[in-house]
Amino acid sequence: MASAAEQLASNLNFSAFAKAEDLKKRLWFTLGALLVYRFGTFVPMPGINPDAFAQAFQQQSGGVLGMFNMFSGGAVQRMAIFALGIMPYISASIIVQLMTSVIPSLEALKKEGEQGRKVINQYTRYGTVLLGTIQAYGIAVGLEGGNNIVIDPGWFFRISTVITLVGGTMFLMWLGEQITARGIGNGISLIIFSGIVAGLPGAIGGTLELGRTGALSTGIILAIIALAVIVIAVIVFFERAQRRLLIQYPKRQVGNRMFQGDTSHLPLKLNTAGVIPPIFASSLLLLPATVAGFAQSENMPSWAAPILAALGHGQPIYMALYAFMIAFFAFFYTAIVFNPKDTADQLKKHSGFIPGYRPGERTADYIDYVLTRITFIGAIYLVVICLLPEFLISATGVPFYLGGTSLLIVVSVTLDTVAQVQGHLIAHQYEGLIKKSKLRGGKRGR
């Protein structure tokens, strides 16, 4: 027999959406906030020669700048006020999460509930300002080293650049928090999602243009479309896949009545690390090429040239290191965000247990064993998803937007947002049923 939630979910339709006024307000707020973000990616930073910068960016778009430009929605290419994007906040969040695992005081804050979470979020904001300031200053110095990119180099330009870029990042962080609180979905993820989606039409148009000019054959373009559909289907399957561990709760007696023990499940996602592993791996591998591109060739040591050539995009060593680093970060980040010992302690605190395993250390060991096995499968999934498009990009020159990382982010955020919309609709229908039952009860009372 279907549960009430499943029956409600099956009855979701347009009429239910039309009646959900709160959901519509949240959707309109989310759309308005994302439009503000997109507008900011076109506001240029002061003191820059656009033509000179466009020429310099074109030469370095194959390095880490190309990836950051994708995540920033094209703001890096235009050197807009949102050029730093939301990446400093994401980096600060990951660093704080790492620190909570090694610093006892931060680990204690994490266990204090809502109040501790607020303190950790404040530390994350401070870390965002620090990282953003360092990156913005590095960008200012790098721009001054270019050929006539900066109109008036000097400390005034550096300070104004730091203030502008860090201010843009802090505004995006605030905007993401507002979307999460008053809109639909995770605000930070939606900002990255909108930046990637905004570049997809241009990437698709560029691919079709390559086909029109004969640079790509019709068969290759059809293969690209088929591969994109297959990759999306595989991402949907694996992102929804989870291993559910059976949790049992003992019988309990209230007064003279004996209540049967309940059962539930502990869901373990196949890909607990999400999109963090490919993002970190791409950043670290593309960084040497980007630094070398800005450096003068006459100042480069003789031994650096063959190493940089081997680490070039699409080279065998690059692919091997990319696969290894994705797998490494999949296990590393999973170990950071999911602690089997804490989960086992919570189960023991609420009198829950996994059948066949004693509460406490034995339960933690079993959860860790299962998590390691499914993370191994998840790491293979991430490597395959990210490497297949990389082979295609290196062989055909397809735009960077069609890479596995971008598709992974787009599909994951879409699934999460749709799930939240369905949750709001189900909650709205529950509220409607409760109101109807109260009205019927009132009429009967009369």
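Before looking up helix 3 and helix 10, I note that an axis here is a line fitted to the C-alpha atoms of the stretch in contact, with angles running from 0 to 180 degrees between N-to-C directions. I also note that the model I am reading is predicted.

**Entry: helix 3 with helix 10**

I looked up how helix 3, residues 21-40, packs on helix 10 and found an angle of about 170 degrees, with the axes 9 Å apart. Angles over 145 degrees count as roughly antiparallel, and helix 3 is therefore roughly antiparallel to helix 10. From helix 3, I listed Arg26, Phe29, Thr30, Ala33, Leu34, Val36 and Tyr37 in the contact. The partners in helix 10 are Phe171, Leu172, Leu175, Gln178, Ile179, Ala181 and Arg182. Sorted by class, the residues of this contact are ten nonpolar, two polar and two charged.

**Entry: helix 3 with helix 11**

I stayed on helix 3 and turned to helix 11, residues 187-213. The axes of helix 3 and helix 11 come within 10 Å and cross at roughly 60 degrees, so I recorded the pair as oblique. The crossing of helix 3 past helix 11 is right-handed. On the helix 3 side I found Thr30, Leu34, Tyr37 and Arg38, which meet Leu190, Ile191, Ser194, Gly195 and Ala198 of helix 11. I counted the classes of the contact of helix 3 with helix 11 as five nonpolar, three polar and one charged. Going back over my notes, I see that Thr30, Leu34 and Tyr37 are listed in the contact with helix 10 and also in the one with helix 11.

**Entry: helix 9 with helix 10**

Next I took up helix 10 (residues 155-182) with helix 9 (residues 114-144), whose axes come within 8 Å and cross at roughly 140 degrees. I recorded helix 9 and helix 10 as oblique, because roughly antiparallel needs an angle over 145 degrees. Helix 9 passes helix 10 in a right-handed crossing. The helix 9 residues I listed are Arg125, Thr128, Val129, Gly132, Thr133, Ala136, Tyr137, Ile139, Ala140, Val141, Leu143 and Glu144. They meet Trp155, Phe157, Arg158, Thr161, Val162, Leu165, Val166, Thr169, Met170, Met173 and Glu177 of helix 10. The contact of helix 9 with helix 10 divides into 14 nonpolar, five polar and four charged residues.

**Entry: Arg158**

I picked out Arg158, which is in helix 10. Is Arg158 buried or exposed? I found a relative accessibility of 19%, so Arg158 counts as buried, the cut-off being under 20%. Leaving out residues up to four places away in sequence, Arg158 touches Tyr137, Ala140, Val141 and Glu144. I had already listed these four among the helix 9 residues that meet helix 10.

**Entry: Met79 and Gly74**

I checked the loops on either side of helix 6. Met79 is in the loop between helix 6 (75-78) and helix 7 (87-102). Its phi is near 45 degrees, a positive value in a residue other than glycine. I note for context that most residues other than glycine have a negative phi. Met79 has 5% relative accessibility and so counts as buried.

Gly74 lies in the loop between helix 5 (64-71) and helix 6. I found 5% relative accessibility for Gly74, so I entered this glycine as buried. Gly74 is 33 residues from Thr41 in sequence, yet their C-alpha atoms are 6.8 Å apart.

**Entry: Pro277**

I located Pro277 in helix 13, residues 276-294. Pro277 is buried, at a relative accessible area of 0%. Beyond residues up to four places away in sequence, I found Pro277 touching Ile326, Phe329, Ala330 and Leu382. I also recorded the C-alpha distance from Pro277 to Ala323, which is 9.9 Å across 46 residues of sequence.

**Entry: helix 16**

Which residues of helix 16 (residues 340-349) are buried? I found Pro340, Thr343, Ala344 and Leu347. Viewed down the axis of helix 16, these buried residues fall within an arc of 100 degrees, so they line one face of the helix. Lys341 and Lys349 are exposed on the other side of helix 16.

**Entry: whole chain**

Last, I looked up the totals. The chain holds 18 helices and four strands. I found that 40% of its 446 residues count as buried. Of the contacts between residues at least 6 apart in sequence, 75% join residues at least 24 apart.

Definitions and conventions
Residues numbered from 1 in each chain as written. Predicted model: local features only at pLDDT ≥ 70, side-chain atom pairs only at ≥ 80, totals over all residues. Heavy atoms only, no water. Helix = DSSP H or I, 4+ residues; strand = E, 2+ residues; numbered from the N terminus. Parallel < 35°, antiparallel > 145°, perpendicular 65-115°, else oblique. Left-handed = near helix turned anticlockwise from the far one by under 90°. Contact = heavy atoms within 4.5 Å. Nonpolar A, V, L, I, M, F, W, Y, C, P; charged D, E, K, R; others polar. Buried < 20%, exposed > 50% of the residue type's maximum accessible area, 1.4 Å probe, protein only. Arc of directions from axis to C-beta.
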